[in-house]
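Student: Before we look at anything in detail, could you show me how to read salt bridges, burial and helix faces from a set of coordinates?

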Amino acid sequence: EVQRIIRSECAAIADLLVKKNQDYGNSFADPVQIFSKSDPEEQINVRIDDKLKRLMNRGDKHISEDTEADLIGYLILKRVYRKIKAGRGE
């Protein structure tokens, strides 16, 4: 049962990331950099910091599943970006 739930949660995050990638393209790996000239990985780190701050400010009782999913998603995108950067887009 637990393993099924783990797979279901991971699949939901994968579906979310694929949907956002279809909607926004590879903006996480190739940002437009109009205002910020930071490299893509640093921009992902900023988004992770924003999500962590939101979690800290709201406390355990007010954590939304969307914020958790976004945080997990950005951590995965950071790993994806590193593989793309290293030429291992497998």
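Tutor: Let us begin with one ion pair: Glu 1 forms a salt bridge with Arg 4, and their closest N and O atoms are 2.9 Å apart. Bear in mind throughout that this is a predicted model. Glu 1, at 64% relative accessibility, counts as exposed.

Student: How many salt bridges are there by this rule?

Tutor: The count comes to five. One of particular interest for the fold joins the side chains of Lys 20 and Asp 70, with 3.2 Å from N to O. Since Lys 20 belongs to helix α1 (residues 2-24) and Asp 70 to helix α3, this pair ties together parts that are 50 residues apart in sequence.

Student: Are Lys 20 and Asp 70 buried or exposed?

Tutor: The general idea is to read relative accessible area against cut-offs, with buried meaning under 20% and exposed over 50%. Lys 20, with a relative accessible area of 33%, is partly exposed, whereas Asp 70, at 17% relative accessibility, counts as buried.

Student: Which other residue forms a salt bridge with Asp 70?

Tutor: Lys 51 does, and the closest N and O atoms of that pair are 3.2 Å apart. Because Lys 51 lies in helix α2 and Asp 70 in helix α3, the pair ties together parts that are 19 residues apart in sequence. Both Lys 51 and Asp 70 are buried, and salt bridges with shared partners join Lys 20, Lys 51 and Asp 70 into one network.

Student: What is the overall architecture in which this network sits?

Tutor: The protein chain has three helices and zero strands, and along the sequence it follows the pattern α-α-α. Its C-alpha atoms fill a box of roughly 40 × 35 × 25 Å along the principal axes, and 22% of its 90 residues count as buried. Among contacts between residues at least 6 apart in sequence, 58% join residues at least 24 apart.

Student: How should I read the geometry of a single helix, and which of its sides is buried?

Tutor: An α-helix has 3.6 residues a turn, so residues three or four places apart point the same way. For helix α2 (residues 40-58), a rise of 1.5 Å a residue predicts that its 19 residues should span 27 Å, and the end C-alpha atoms are indeed 27 Å apart. The buried residues of α2 are Pro 40, Glu 41, Gln 43, Ile 44, Ile 48, Lys 51 and Leu 55. Seen down the axis of α2, these buried residues fall within an arc of 165°, so they line one face of the helix. The face turned away from that buried side carries the exposed residues Lys 53, Met 56 and Asn 57, while the cover over the buried residues includes α3 (65-85).

Student: What does a polar member of the buried set, Gln 43, touch?

Tutor: Gln 43 counts as buried because its relative accessibility is 13%. Leaving aside neighbours within four places in sequence, Gln 43 is in contact with Pro 31, Gln 33, Ser 36 and Ser 38.

Student: Which side chain of opposite charge is nearest to Lys 78?

Tutor: Lys 78, in helix α3, is buried yet has no salt bridge, and the nearest side chain of opposite charge is Glu 41, 4.3 Å away. A salt bridge requires the nitrogen and the carboxyl oxygen to be within 4 Å, so that pair is not counted. Not counting residues up to four places away in sequence, Lys 78 touches Glu 41, Ile 44, Asn 45 and Ile 48.

Terms used. Residues are numbered from 1 along each chain as its sequence is written. This is a predicted model: local features need pLDDT of at least 70, side-chain atom pairs count only at pLDDT 80 or more; totals for chains, interfaces and linings use all residues. Side-chain values use heavy atoms; hydrogens and water are left out. Helices (H or I, at least four residues) and strands (E, at least two) are DSSP runs, numbered from the N terminus. The expected span of a helix is 1.5 Å times one less than its number of residues. Buried means under 20% relative accessible area, exposed over 50%, partly exposed in between (1.4 Å probe, protein chains only). The arc is that of the directions from the helix axis to the C-beta atoms. Contact means heavy atoms within 4.5 Å. Lys and Arg count as positive and Asp and Glu as negative; His and the chain ends are not counted.
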